[in-house]
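User: I'm new to reading protein models. Could you walk me through how to spot what packs together inside one?

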Amino acid sequence: MTDSAGTLGPGAGSSASGEGLIRRRRRRRVRCGGLVVAVVAAAAGGTGWALYAKLDGNITADEAAAAELARYEKDRPTSLVKDAQNILLIGSDSRSGDGNGRYGRDSGTERSDTTILLHLAAGRRTATAVSLPRDLMVDVPACLGRDGTRSAPMFAMFNYAFQKGGSACTIRTVEKLTNIRVDHHVVVDFHGFKDMVDAVDGVAVCLAEPIDDKAAKLRLPAGRVTLDGEEALGYVRARKSLGNGSDTDRMDRQQRFLGALVNKVQSNDVLLNPVKLYPVLDAATSSLTTDPGLASLRGLYELVRGLRHIPAGRVQFLTVPRESYVYDANRDQLVEPEARRLFEQLRKDAPVKVTEKAPGVSEDSRDEEARGQSENGEGVPAFRGNTAAEDTCE
């Protein structure tokens, strides 16, 4: 029998239903806390501790960014809501590493290929990931360059910030743009992304038509396809040959792929299988450069611990409302007041919703499609996007 809280009462542990409930709860805990498994394994003995130490040592701490951000602490936004957190995820286009030369010559200058502001609501009710276009025209503050010199403030493409001053410059640019405090940041490059996808034995997507993109080194049949790391990288980076050729369409594709990756990592097939789990953790940690607060398994665990209660339907992906820049159709600018309202909602930890398509938006208009924003019946602003629960084949 159970008590009023729904927990097992005395003597119920031997019943079939009680055992089933315990198993279901155990599966939920393991499914949502992969890093916990690594910690438990570490406690099992010397071998486990060696594996833990290796994973813990994989992560690179971004000490230079921490020092630069501390220099400008008084100029940074303040956090308004305790326990809400904002993490900036930066995908670097570095060509260094095995096999990455095929994506272009490594000039030694990294740019941010993909940047996502991830907002985790207080109490971990929701997680909202907002893509920031690399071609967005923004005010980049004076930054410490990789060569040790300081640049003057300038109005430039968003990905110039990472090229000039790395993660610290990107964070300060985002904070200036949004007035949202960035609490943590994570940088991952091409090689790490591919390793992560391969570690989960690929991620399934559904293609409406075949793909033959020479620039992305990608050739795939129509229908449901499981992408390996190399194919996945080409798929999320392809731009001109897929969809309408816009960066908005490319970011939509990235968001849906990330949702599918989240579901794959949370699946029992990965997290309940130690043989598969260790490569996932090894790939994930090896690919990361983070702020010092996250640069350990303990730091990452503290971050993800509260995420176990967020259902996939409340893990949201959207792109900041944008349109073609008035002086150059190949660049972007924010759509106001929609973008400002989105940033304000996130800063106050107020709710936002995503919809497949904003009302009154035409399918063939890149700008109208990106700028659409509406109110739902409860007064919550809704933006075009998707959730991690949505299947790309449905």
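User: Leaving aside neighbours within four places in sequence, which residues is F343 in contact with?

Analyst: Keep in mind that this is a predicted model. F343 is in contact with L177, T178, I180, V320 and L334.

User: How should I read a cluster of greasy residues, and which residues have the most contacts inside the largest nonpolar core?

Analyst: The general idea first: in soluble globular proteins, nonpolar side chains tend to be buried together. Here, the largest nonpolar core has 33 residues, and L88, V140, V320, L334, L342 and F343 have the most contacts inside it. Elements giving two or more residues to this core include β2 (85-92), α5 (160-178) and α12 (338-347). The top contributor is α5, with 7 residues. There's also a second, separate core of 26 residues, and V225, A232, F257 and A283 are among them.

User: What about a polar residue: does N86 count as buried or exposed?

Analyst: For this, check relative accessibility: buried means under 20%. N86 has 8%, so N86 counts as buried. N86 lies in strand β2, and its side chain reaches the backbone oxygen of R181 at 3.2 Å. Not counting residues up to four places away in sequence, N86 also touches others, including L117, H119, I180 and H184.

User: And where is D93 found?

Analyst: Look in the loop between β2 and β3 (112-120). D93 counts as buried because its relative accessibility is 6%. Sequence distance and spatial distance are worth reading side by side: D93 and F190 are 97 residues apart in sequence, and 6.4 Å apart in space, C-alpha to C-alpha.

Definitions and conventions
Residues numbered from 1 in each chain as written. Predicted model: local features only at pLDDT ≥ 70, side-chain atom pairs only at ≥ 80, totals over all residues. Heavy atoms only, no water. Core = buried A, V, L, I, M, F, W, Y, C linked by side-chain atoms within 4.5 Å. Buried < 20%, exposed > 50% of the residue type's maximum accessible area, 1.4 Å probe, protein only. Helix = DSSP H or I, 4+ residues; strand = E, 2+ residues; numbered from the N terminus. Contact = heavy atoms within 4.5 Å. Polar contact = N/O pair within 3.5 Å; in protein donor to acceptor, adjacent residues only side chain to side chain.
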